[in-house]
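This report goes through a structure piece by piece, beginning with one helix and ending with the contact between chains. Please keep the sequence and the model in view while reading.

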Amino acid sequence: MTLKYSLKTAFNGLRANKSRSALTILGIVIGITAIMMVMSLGQGAQDLILGQIQGMGSRTLSVEPGKRPEGMMDAMAMMTDSLKAKDLEVIKNKGNVPHAGKIMPVVFGSETMTFENEATKPTIFGVTDFFAEIYDVSLAQGRLMTDEEVRSFADVVVIGTKVQEDLFGLNKDPMNQKVKIKGRNFRVIGVLAKKGQSAMVNFDKAAIIPYTTAQQYLLGIKYFNAIVVQADSEETVDETVNDLKIAIRNSHGIDPGEEDDFRVETQADAIAIVSTITNVLTLFLAAVAAISLVVGGVGIMNIMLVSVTERTREIGLRKALGATSKNILLQFLLESVGLTATGGIIGITLGVSFSLLIAFAINKFAGLAWGYNFPVSAALLGLGVSGLIGLVFGIYPARQAAKKSPMEALRYE
Amino acid sequence: MEKKLEQIDQPLMTVKDLEKTFYDGAQTKALCGVTFNIKEGEFVAIMGPSGSGKSTLLHILGFLDHATGGEYLFEGKSQSDLTDEELAHVRNKKMGFVFQNFNLLARTSVLENVKLPLLYSGIKEKEWDAMAREVIKTVGLEHRLDHEPAQLSGGEKQRVAIARALINNPKVIFADEPTGNLDSKSGKAIMEVLQTLNEKMGHTIILITHETYTAEHAERILFVRDGKIESDRRVDNRLSANQFIK
């Protein structure tokens, strides 16, 4: 029996029960669609976040307080105040970290900001003018703070577009207006260009002030949330990480063998962490979606058993006309694999279409640069898995069909 | 030379003390010691009332079922000598089956129905069409090639079934009550086809029927009752379907 004819026979068998075949593969269609969407969107999210991390530049390092967390319970370890002004001085010392270029301490918090009768609650970033380069933001108008303003605890602020809108509306010029944060007057010296939600920070809802002012007058803290260091070239990144570790360990008086109470994160670290998180999430969601495939498979098995019973006489006839048990087995296996593979192809098509739509919607309405990519591996996997389900759940009904005795099958009413 | 002669003389089918007992809950003895031979080219009717065991006998002769006692040899080979695949091969190449209820595939054209045994024959697919058209012509249905069974009359359906049985040019055609579901005119037409196949083309025909009238188209009648051969006789005034048609 030729394969072409076997396929034709299987196809005819399925065509005879169009609506039943369609309903049967629905489970497989939904499962494969879900897996395709999860994998495609997971990849999109990962690309987006990684793109933003890479936007910070591969020379950028971040010194953060607290040891590296090892599991959920360690999250608190990150919230410590171990990075202080002394550490900043140590890092700034060329003798300690010779390849450090620009250095920027970061503090942040959330405070209410008012102008006349309007109020809003932006995220306050205490930084230097270097932040614009690191976070890839530009100004719509005005200027950034100067080094002199940082040194002199100046009361100047650069606001995001949402903050501008909340406090000044659309018509009023915010430049050089006095806004109040915690009872202190700040002069607006610039407005950031609209950027939208990025993976980590929404700069539209931010207020940028000198870190000195933020520590002293607004947050009342003596430590930093992070110190961003830019190595002078990509080749010196590893060396700088080492130098930073040695310098801060010395500064903190950590004995050899003891754990660091701070971390130096590189872009590679961040990429690795984000990739791990998104991969685990994607895998988890895909596994949940895969359950529906198993349910779908059971449905296939059920309907194939019904089909075998219904077509008992046909099986008997085919055997009487010279079909071997193998021929019958192959016929019914091809039918179930044909069913699930068709479901798989429909699922892949739907999954790709929905992910495209979602990518388009995210781009359009959330303003994120969400790139769509066709997950070739997921598509192949989907097709393979759906075919395999047909095989696994089809083998039992097909064997039931194959082992029927021709005489009993012919007599079946 | 002697050997060859012996082969020619050897009957196509040898049945000796054949027994068949069904065990489904109760024990039912369908055949209890049946013995006869059938030579190649014979037209034999197996007659008997319903429940006499004639269908069971046909199933065993056609390798569709196995006996529980005695011996049945087809071309000198018993069912137990052959594997499942070899049995399927014998059914495909040497036997043709015609059933009372036609057993055509629904929603499948006459041409495709007739091709069905070729699927399992190992014959190249490009030859199938010509072969099928040829046998369909033999049964006089060349104008119905693309019709589906639902569009055919009972007699036409049975002729499709005969064409299907003929396609691999088998030695034996087993016909299980082929006229049972047909009116007398269609029934005669079917008997005419069977007689032609036997006389002109030399096919051995085993016909199962409960009607004496139908059985008398054969050369020989085996009468089965209660699982035993009651009589085995030649038909003296054999009916020819042809003369009634005209």
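Which residues of helix α6 (residues 161-168) of chain A are buried? They are A:Val163, A:Gln164, A:Leu167 and A:Phe168. A residue counts as buried if 20 or more other C-beta atoms lie within 10 Å of its own, as exposed if 12 or fewer do, and as partly exposed in between, with C-beta atoms placed from the backbone. Helices (H or I, at least four residues) and strands (E, at least two) are DSSP runs, numbered from the N terminus.

This is a predicted model, in which local features need pLDDT of at least 70, side-chain atom pairs count only at pLDDT 80 or more, and totals for chains, interfaces and linings use all residues. Residues are numbered from 1 along each chain as its sequence is written, while chains are lettered from A and ligands numbered from 1 in the order in which they are written.

**Helix α6 and its surroundings in chain A**

Seen down the axis of α6(A), the buried residues fall within an arc of 100° (the arc of the directions from the helix axis to the C-beta atoms), so they line one face of the helix. These buried residues pack against six strands of chain A, listed with their residues in the table; contact means that the C-beta atoms, placed from the backbone, of two residues lie within 7 Å.

| Strand of chain A | Residues |
|---|---|
| β3 | 113-115 |
| β4 | 118-120 |
| β7 | 156-159 |
| β8 | 178-181 |
| β9 | 184-192 |
| β10 | 206-210 |

After α6(A) comes A:Gly169, with a positive phi near 70°.

**Strand β8 of chain A**

Two strands pair if DSSP finds at least two bridges between them. β8(A) runs antiparallel to β3(A), joined by two bridges, and antiparallel to β9(A), joined by four bridges. A:Thr114 has A:Lys180 in β8(A) as its bridge partner, and A:Val179 faces A:Phe186 in β9(A). In a regular strand the side chains alternate between the two faces of the sheet. Along β8(A), A:Val179 and A:Ile181 point to one face and are buried, whereas A:Lys178 and A:Lys180 point to the other and are not. The hairpin of β8(A) and β9(A) has two residues between the strands, and A:Lys182 there takes a positive phi near 50°.

**A buried leucine**

A:Leu244 belongs to helix α8 (residues 237-252) of chain A. Why is A:Leu244 called buried? Because 24 other C-beta atoms lie within 10 Å of A:Leu244. A:Val97 is 147 residues from A:Leu244 in sequence, yet their C-alpha atoms are 6.3 Å apart. Leaving aside neighbours within four places in sequence, the contacts of A:Leu244 include A:Leu61, A:Ile91 and A:Val264.

**Chain B and the contact with chain A**

In chain B, three strands form an open antiparallel sheet in the order β2-β1-β4. Its edge strands, β2 (26-38) and β4 (69-74), each pair on one side only. Strand β1 (residues 13-24) of chain B pairs with β2(B) over 10 bridges, and B:Leu18 stands opposite B:Val34 in β2(B).

How many residues of each chain are in contact with the other? The count is 18 residues of chain A and 19 residues of chain B. On the side of chain A, α10 (312-320), α11 (325-366) and α13 (406-411) each supply at least two residues, and α10(A) gives the most, with five. Helix α3 (residues 84-94) of chain B has buried residues, including B:Leu87 and B:Val90. The buried residues of α3(B) pack against α10 of chain A, together with β4 and β5 (95-98) of chain B.
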